[in-house]
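Let's walk through this model together, starting where the two chains meet and then moving into the sheet of one of them.

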Number of protein chains: 2
Amino acid sequence: METIKIGLLGLGTVGGGTATVLLRNVEEIARRTGCKIVVDMAAALEPDRARELGLTEARVTANAEEVVNDDACQVIVELIGGYEPARTLVLQAIANGKHVVTANKALIAMYGQEIFKAAQEKKVIVAYEAAVAGGIPIIKTIREGLSANKIQWVAGIINGTGNFILTEMRDRGRDFDEVLKEAQALGYAEADPTFDIEGIDAAHKLTILASISFGIPLQFDACYTEGISKVKQEDVAYAGELGYRIKHLGIARYSGDGIEMRVHPTLIPEKRLIANVDGVMNAVLVMADAAGPTLYYGAGAGDEPTASAVIADIIHVVRGCRLGSSSENSIPALGFQEDSISCMPILPMAEIKTSYYLRMLAADRPGVMADVTAILGHAGISIEAMLQKDPVDEQQAQIIILTHRIKEQQMDQAIKEIEALDSITGEVTRIRMEPLG
Amino acid sequence: METIKIGLLGLGTVGGGTATVLLRNVEEIARRTGCKIVVDMAAALEPDRARELGLTEARVTANAEEVVNDDACQVIVELIGGYEPARTLVLQAIANGKHVVTANKALIAMYGQEIFKAAQEKKVIVAYEAAVAGGIPIIKTIREGLSANKIQWVAGIINGTGNFILTEMRDRGRDFDEVLKEAQALGYAEADPTFDIEGIDAAHKLTILASISFGIPLQFDACYTEGISKVKQEDVAYAGELGYRIKHLGIARYSGDGIEMRVHPTLIPEKRLIANVDGVMNAVLVMADAAGPTLYYGAGAGDEPTASAVIADIIHVVRGCRLGSSSENSIPALGFQEDSISCMPILPMAEIKTSYYLRMLAADRPGVMADVTAILGHAGISIEAMLQKDPVDEQQAQIIILTHRIKEQQMDQAIKEIEALDSITGEVTRIRMEPLG
C-alpha cells in the first residue's frame, strides 16, 4: 500500500487532535483512500508532545521551516494559527511544490488571495475546510454540494464561545460577565477572549463564507463586526418574551446593490431550527435559489472535530493525487474560476436593510409613546410589536419596540431623534433582527 | 467557453427542475466551472414539455435509448425512476463510455453493485447525490466531508411525506388517514402512497447511507422496514406528554457484531434538533468518532431541491473532466476502495438493542401493574417511566411504559407474556425509542 507522508506544523489542540485521529483511524482511512497516511515530521515547541501523542516514528523539530523544506513531506498541514509565521511557512511550502492543508481562518481571510495565487501558479492545492465551523464540512458543501445554485444568503453561528455565553444567559438568566468567566474556566474562551466575543473570529470565517458563496475577493477589512459584550440579560429575556432568541450571527447576503457582510448580535424567531442551536455548537444556514434553505450543524471547534476537517482535506489531496495524472485541484480555491471573481461592492452598514429590536428607558407619563411612534412614523419605520414593561422606578418604564425592515441610516437618524426627546433617558439599545425565512 | 452537452432522460418533476435550474443559472454555473452546460437532448413522453420548460434548442425524443446512444451527449442524466428501463439505460450509457448522473434511489439501492462495477471497468463516473435527501448534499458529506471518521451511526428523516403526516398528527391532533388524504391532495403523497408510508422509499435511501457510512455492499433486502400507517394519534400525544416526538427514522448503526439497518417509527427526545425537523423537510444526523454529531437539514424532495443535487453531480463530473487528464472518479462509488468493502453481517432485528415505548389496555384493578412489571423484571428489562392514563371505560385503563435498552428478542418474548395476561386486552403497542445522544 502506498504511504503518503505529511508534515505537521503545530502540535497544539488541533495538531494533537489531527495526530490522534490519523493514528486511530489509519485503517479506516486506508479503506477509503487505498493509502496509508502517516505523520512523517512534526514541528512542535515541546518535543515530548509528539511522543505523548503516540507519534513514535515521526521526526520532530522545533523549527517549522525544516518541515516545510523537507523533501519527504508531500503535504504540509499548518496548524499554528495567526498571521505570521503561518503565512511565510505556507508560501514557502507552496514554493516547494507541496500541497497545503490549513485550519487557519485568520490567514485565509487576510492573505487568501496571495496564497491561492501562489498555489495556482505551482499547481498545488491549498485546502482550508477546517478554517470555518470545525467539524461541519461547510466549505465543501458551498463550493461543491450547492454548486448548482445562486446563493442568496448565508447566516451562521460560527463562534462556539459566543454561543455558549448567549445560551447560558438565556437558559439560566445569568449576566454576560459571569458567564464569560465560567467559559474561561471551562477552557471554551481564551484568557484574552476579544477575538471570540468581539466577533473577530466570526468575521474571519464569514469573510471566507461570503467569498465562496458569491465569488467575491476575500475582504476581511470590509466585514462589519460587532461583538456580544454589550448584550444585556434583560434584552435576552425580553427577546424571549417576544418569541425570539439572540444569537451572534455572521450574515452574508447578496442584494441587488452589493453584498452585505456583517457579524452582530441578532434576534431570530425561536421557531427556526438555528435558533435552537445551543451551547458551543455551530450551525450555518444557507439560502440557495434551487435547494432552498439547508442547515449544517455540528461542533465548530475542539481538537477532534477540527481534525476531522483537516484530515478530510488531506484525503481530498490524496484522492486527487492518486489518479496520478494531475496534482491540480479541480475545484477553484474560492469555488469560482479566477476570471469570474466578481467586483460587487460590500455595502456599508448605512445601506443595509433589516428589522430592529429597540429598548429605551422612558418617562412613565402620557404622550411619550406618541412622541416615539411619531418619530418612527415620520422615518417610514413600521412597528411590528411594542411592549411596555412595568416601571423600573416611580418615574420610568422600559419600552421595547420591534420594527419592520428599514435601511440602517434611517434607523440611525430615528434613534438620534428619539434619544433627543426629554422623556427618554440615556441611549436607545438597538439589536438587529432577521426572520431567516 | 467550452460547452458540455448532457442528455436528460425524463422531463417529469425532477427532470423539469433540472432543465429549469440549468437554464436559469447557466451563468453562475459557468462562473464556477468555466463551462457552459447545456441540455443537448432530452427523452420525454410529451414532446411539448421540453418547449414549455424553455429547452428550445434541445433535441427531443420519446425514445430514451436514442439519448443514451447519441454521440454528442457526454453525460447522461437518468431521471426516470424505478428499476426498469432505468437500469438497462444506465448500463447502456456506461457501455457507451458516458458518465451517468441519477436521482434514482431504488436503482442504486437494488442494482448499485452491478452499475458501479460496470462504471469502474469503463472508467466513467456514476454519481447519485440526488438519490438521498434531495437538496441536502449528504452523499458528498459522508463520502468526503467526514472521510477522516469511523462513522458510528446515521439516523435520518428521509421521507418528507411521512414526516409531514407525523407533524400534522402532532401539531393538530389529527388522525393518520385524514392527514394522508390531505397529503395526497397537496401532491406530497402519491396516489399509491405505499412506498412513502410503508418505509420502502426510506429503506432505499437508508441502504445507500449504510453502504457509504460503513463500506458495506448495498443490501436493500436486508433492511428492516416498518411503516407509519399503524401509528395512532394517541401514541403521538402520549409520546409528547413524556417529552418525545415520534419520527419515521432510518437508522444504520455499527455495533461490534454487525450492522443495524432499520426503518421504523421511533420516539426521540424533543430536545434533539432532529426532533424539531417538521413538515416535508428532511434531516440526517451522523455520529462520527472524530467530528462527533453533525446534522444536515433541508428539502428532501421537490423539483428544484432535487435538481440542485443532480446538477452538483454534473458539475463534479465536469470539473473532473476539465483536468483533461483522467475521467476516472477519484472518489470510489461507495466511498471505500473496492477491495475494502466489508462483509460485516446485517443484524436481524431480534439481535438489535434499543429502548421501547409500550402501550397496553389493562383491566383497571389492583395487581395488574405488578403482573406487567414482574414480566419485564424477569426479562431483565428496566423501566424508565410509566404512565397510567384515565380509564377509557369503567373497567379499563391505558398503561404506557418506557423501557431502557434491551435486545429485541427479549422484548418480543416479554410482550407475548404480557399479552397472555387475563388483565390485558388486545395487543401491546410497541414503538422503538432512540436517545440519539
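Across the meeting place of the two chains, 54 residues of chain B are in contact with 54 residues of chain A, where contact means that the C-beta atoms, placed from the backbone, lie within 7 Å. Please keep in mind that this is a predicted model, in which local features need pLDDT of at least 70 and side-chain atom pairs count only at pLDDT 80 or more, while totals for chains, interfaces and linings use all residues. Residues are numbered from 1 along each chain as its sequence is written, with chains lettered from A and ligands numbered from 1 in the order in which they are written.

Which elements of chain B each supply at least two residues of the side that touches chain A? They are helix 2 (26-33), helix 7 (138-145), strand 12 (292-299) and helix 13 (303-322); helices (H or I, at least four residues) and strands (E, at least two) are DSSP runs, numbered from the N terminus. Helix 13 of chain B gives the most, with 11 residues. By residue type, this side of chain B divides into 23 nonpolar, 21 polar and 10 charged residues, with Ala, Val, Leu, Ile, Met, Phe, Trp, Tyr, Cys and Pro taken as nonpolar, Asp, Glu, Lys and Arg as charged, and the others, Gly among them, as polar.

Now look at strand 12. The copies in chain A and chain B run antiparallel and are joined by 3 bridges; strands pair if DSSP finds at least two bridges between them. Here Y296(A) stands opposite Y296(B).

Within chain B, strand 1 (residues 2-9) runs parallel to strand 2 (residues 35-43), with 8 bridges joining them, and I6(B) stands opposite V39(B) of strand 2. Strand 1 of chain B is also joined by 4 bridges to strand 4 (residues 75-78), again in parallel, and there G7(B) stands opposite I76(B).
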